[in-house]
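Open the model in your viewer and keep the selection tool at hand. Each stop below tells you what to pick next.

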Amino acid sequence: MFADQGLDDALRFEAMNAAVGFVSEDLVEGFAAGREKRSARFEGK
Amino acid sequence: MADDDAVLLDIDGPIATVTLNRPDRLNAWSWEMGMALTQRMETIAAERDVRVVVLKGAGRSFCAGIDLKPDVRDRIVGRSPAEKVLNYYHRYRGSHRRTQGIEAIPQPIVVALHGHCLGAGFEIAMLADIRLAAEGTVFGCPEVKIGVAIDCGLDLRLAQEVGPSWAKWMTLTARRFDAALAHRLGLVQEVHPADALFAKAHELAAEIACERAARRCRRRSARSTCSPTRGSTTRSASRR
């Protein structure tokens, strides 16, 4: 949570987290789970 | 490249109506839709006779969240994982500039929500000044369930609108909630039967539009005093 930060600082932090997440294998599983309407089986990869 | 049909713009006197227009996919959010929405809002910002914006979705939902295409990761390339991360980072920062640009347009935005208001759709809804919802609208932040991070400031905006604990309840659990709770928390200002929603949104827009100069001044003032996330944007944006 970023309630004590400015918006731009928070967005930079979010962008970095999101970018790291987007190259993960778990993202592929998460999207597949979303399409198939089931719970994702994340492995931390 | 923006998809011109993904977001429609209709200007009728002082009211601009912007419609997310991928009803066959419940207006699932895509890169193209983001670009198209930005273009529409830039057009509106330059229209001196437009006094208020109504934002809505075509079909059964406002927006069901990000489009879960299998090839989504293939759209950003890099010679190494680190370079891909960097390229994604810059892409997100571009999205931030666009969402902040939407927040900064001089006209107030009234959003009419129905069906689903999830994830990226929730992000877009939170950029509006006033939110109306249809009975039965489902809200939620499903990001943690599909392995992505909230990426355009939704959690910060939620924390500032409803408080940090409710924002954590929404973002950490991904629970869906209804229009009644959204109204109780102050996320939406009015709830209407679904068949009356768009008419009510235009009625409210017409009310706002009737006092042009005063409303614009009030919007600037209201944004700077009531919306802390908009502070830097508001100050840096060019104003008429």
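The tour goes through a predicted model, starting with one whole chain and then turning to single elements and residues.

**Stop 1: chain B as a whole.** Select chain B. Its 240 residues are 53% buried. Colour by secondary structure, and you should find 10 helices and nine strands. Now show the surface of chain B. The accessible area comes to about 10600 Å². Carbon and sulfur atoms account for 53% of that area. Contacts in this chain often reach far along the sequence: of those between residues at least 6 apart, 70% join residues at least 24 apart.

**Stop 2: an open sheet.** Stay in chain B and select β5, β7 and β8. These three strands form an open sheet in the order β5-β7-β8, with mixed pairing. At the edges lie β5 (116–118) and β8 (177–178), each paired on one side only. Zoom in on β7 (residues 138–140) of chain B. Two bridges join β7 to β8(B), and the pairing is antiparallel. Which residue of β8(B) stands opposite Val138(B)? Label Asp178(B) to see that partner.

**Stop 3: helix α8 of chain B.** Select residues 197–209, the 13 residues of α8. From first C-alpha to last, α8(B) reaches 18 Å, close to the 18 Å expected at 1.5 Å a residue. Next, show the side chains of Leu197(B), Ala201(B), Leu204(B), Ala205(B), Ile208(B) and Ala209(B), which are buried. Turn the view to look down the helix axis. The buried residues of α8(B) fall within an arc of 135°, so they line one face of the helix. An α-helix has 3.6 residues a turn, so residues three or four places apart point the same way. Now look at the other side of α8(B): Ala199(B), Glu203(B) and Glu207(B) are exposed there.

**Stop 4: Glu103(B).** Move to helix α2 (residues 81–103) of chain B and pick Glu103(B). Is this residue buried or exposed? Glu103(B) counts as buried because its relative accessible area is 1%, under the 20% cut-off. Add the side chain of Arg157(B) to the view. The side chains of Glu103(B) and Arg157(B) make a polar contact at 3.0 Å.

**Stop 5: Val20(A).** Switch to chain A and select helix α1 (residues 7–22), where Val20(A) is found. Val20(A) is partly exposed, at 44% relative accessibility. Finally, draw a C-alpha to C-alpha distance from Val20(A) to Gly34(A). The two residues are 14 apart in sequence and 20 Å apart in space.

Conventions:
Residues are numbered from 1 along each chain as its sequence is written. Chains are lettered from A and ligands numbered from 1 in the order in which they are written. This is a predicted model: local features need pLDDT of at least 70, side-chain atom pairs count only at pLDDT 80 or more; totals for chains, interfaces and linings use all residues. Side-chain values use heavy atoms; hydrogens and water are left out. Helices (H or I, at least four residues) and strands (E, at least two) are DSSP runs, numbered from the N terminus. Buried means under 20% relative accessible area, exposed over 50%, partly exposed in between (1.4 Å probe, protein chains only). A polar contact is a pair of N or O atoms within 3.5 Å; within protein, one must be able to donate a hydrogen and the other to accept it, and residues adjacent in sequence count only if both atoms are side-chain atoms. Two strands pair if DSSP finds at least two bridges between them. The expected span of a helix is 1.5 Å times one less than its number of residues. The arc is that of the directions from the helix axis to the C-beta atoms. Contact means heavy atoms within 4.5 Å. Accessible areas come from the Shrake-Rupley method with a 1.4 Å probe; for residues, only the protein chains shown count as cover.
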